[in-house]
Amino acid sequence: MRFSELFHSIQGEGGLAGTPSVFVRTSGCNLRCWFCDTPYTSWEPEKTRIALQDLLEQVLATDCEHVVVTGGEPMLQPAVVPLTESLRAVGKHITIETAGTIFRPVAADLISLSPKLSNSTPTDAHRPQGSRYAARHDRLRDNAEVVHSLTVNYDYQIKFVVDHERDLAEIDDYLSRYPLLDHDKVYLMPQARTANELAEKTPWLTAAAEARGVRISPRLHVEWWGDQRGV
Ligand code: SF4
């Protein structure tokens with residue numbers, strides 16, 4: 001499995017925010033969001049490989065009930081299926097954090113889906129040669145069939161990263177395309193890499209969430225550690 005890092009921390013987002021968790025971060029992503037806070041898994045992916053058994057042993061050594069498999073895009077890798085099956089066999093609670101562009105029959109207690117809106121598309125202004133990736137990014141980022149499979153077959157939560165108030169119309173459109181989604185499982189969270197950005201965006205986003213009958217998600221790791229790696 002292409003692997004980036006493993007660390008023990010606190011889940012910072014969504015319905016399990018505050019839960020001690022061990023994070024398994026895979027390397028590699030099929031998208032290139034300009035605001036990606038783990039560029040070492042997407043824009044410049046690390047190439048380390050790890051055997052499943054070694055990874056499993058490292059997870060078990062943390063003695064933590066909650067395991068979050070994240071990325072990058074963990075669903076890119078076929079090995080995510082046997083990894084999650086092995087974790088389930090030893091009684092772990094498994095969350096998969098995914099952008100919802102690829103389906104694999106993972107063993108998961110929670111699919112944490114973070115759909116990528118048009119506000120994620122890279123341009124040259126965001127990153128050197130960012131526009132080279134824009135067409136592929138836009139072609140892949142919204143896959144209705146995968147979103148349907150993930151939300152019908154698993155318990156789920158949906159987290160939208162909101163940069164500007166103008167993003168809200170696109171979220172309204174997205175939710176109207178999936179009328180069966182449970183709004184109690186839908187979260188808005190501010191696009192932010194610093195505590196200051198969070199503090200600036202959270203008030204208007206809270207009002208927007210209330211108006212739509214959805215939830216606001218904290219980003220505890222950003223609040224506490226900014227975009228520091230491995231915490
Ligand atoms: S989907 Fe996630 S990991 Fe991939 S580029 Fe976007 S933010 Fe980064």
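Here is a short tour of the empty spaces, the ligand site and a few individual residues in this structure. Keep in mind that this is a predicted model.

**The cavity**

Search the whole structure and you find 1 cavity of 30 Å³ or more. The largest cavity has a volume of about 840 Å³. A total of 45 residues line the largest cavity, and those closest to its centre are R25, D37, T38, T70 and G71. Several elements give two or more residues to this lining: the strands β1 (3-10), β2 (20-26), β4 (93-98) and β6 (156-162), plus the helix α7 (220-225).

**The ligand**

So where does the ligand sit, going by the search for spaces? The ligand is in the largest cavity. Around the ligand you'll find C29, L31, R32, C33, C36, T38, S42, G72 and K116. T38 is worth a second look: it is one of the residues around the ligand, and it is also among those closest to the centre of the largest cavity.

**The pocket**

Then there's the largest pocket, with a volume of about 150 Å³. Its lining is made up of V147, H148, T151, V152, Y156, R177, Y178, P179, L180 and L181. Helix α4 (residues 144-153) gives the largest share of that lining, with 4 residues.

Here is how the residues divide by character at each of these sites.

| Site | Nonpolar | Polar | Charged |
|---|---|---|---|
| Lining of the largest cavity | 16 residues | 17 residues | 12 residues |
| Lining of the largest pocket | 7 residues | 2 residues | 1 residue |
| Shell around the ligand | 4 residues | 3 residues | 2 residues |

**Cysteines and an alanine**

If you're wondering about cross-links, how many disulfides does the structure hold? The count is 0. Two of the cysteines can be placed by their accessibility. C33 has a relative accessible area of 9%, so it is buried, the cut-off being under 20%. C33 is also one of the residues around the ligand. C64 counts as buried too, because its relative accessibility is 5%.

Now for A61: is it buried or exposed? A61 counts as exposed because its relative accessibility is 64%, and exposed means over 50%. This alanine has its place in helix α1 (residues 52-61). For a sense of distance, take A61 and A135, which are 74 residues apart along the chain; their C-alpha atoms are separated by 42 Å.

Methods. Residues are numbered from 1 along each chain as its sequence is written. This is a predicted model: local features need pLDDT of at least 70, side-chain atom pairs count only at pLDDT 80 or more; totals for chains, interfaces and linings use all residues. Side-chain values use heavy atoms; hydrogens and water are left out. On a 1 Å grid over the protein atoms alone, a cavity is a set of points where a 1.4 Å probe fits but cannot get out, and a pocket is an open set with protein on both sides within 12 Å along at least five of seven lines; lining residues have an atom within 4 Å of a point. Grid points are joined across faces, edges and corners, and a volume is the space filled by probe spheres set on the points. Ala, Val, Leu, Ile, Met, Phe, Trp, Tyr, Cys and Pro count as nonpolar, Asp, Glu, Lys and Arg as charged, and the others, Gly among them, as polar. A residue is near a molecule or strand if one of its heavy atoms lies within 4 Å of it. A molecule sits in a cavity or pocket if more than half of its atoms lie within 2 Å of its grid points. A disulfide is a pair of cysteine sulfur atoms within 2.5 Å. Buried means under 20% relative accessible area, exposed over 50%, partly exposed in between (1.4 Å probe, protein chains only).
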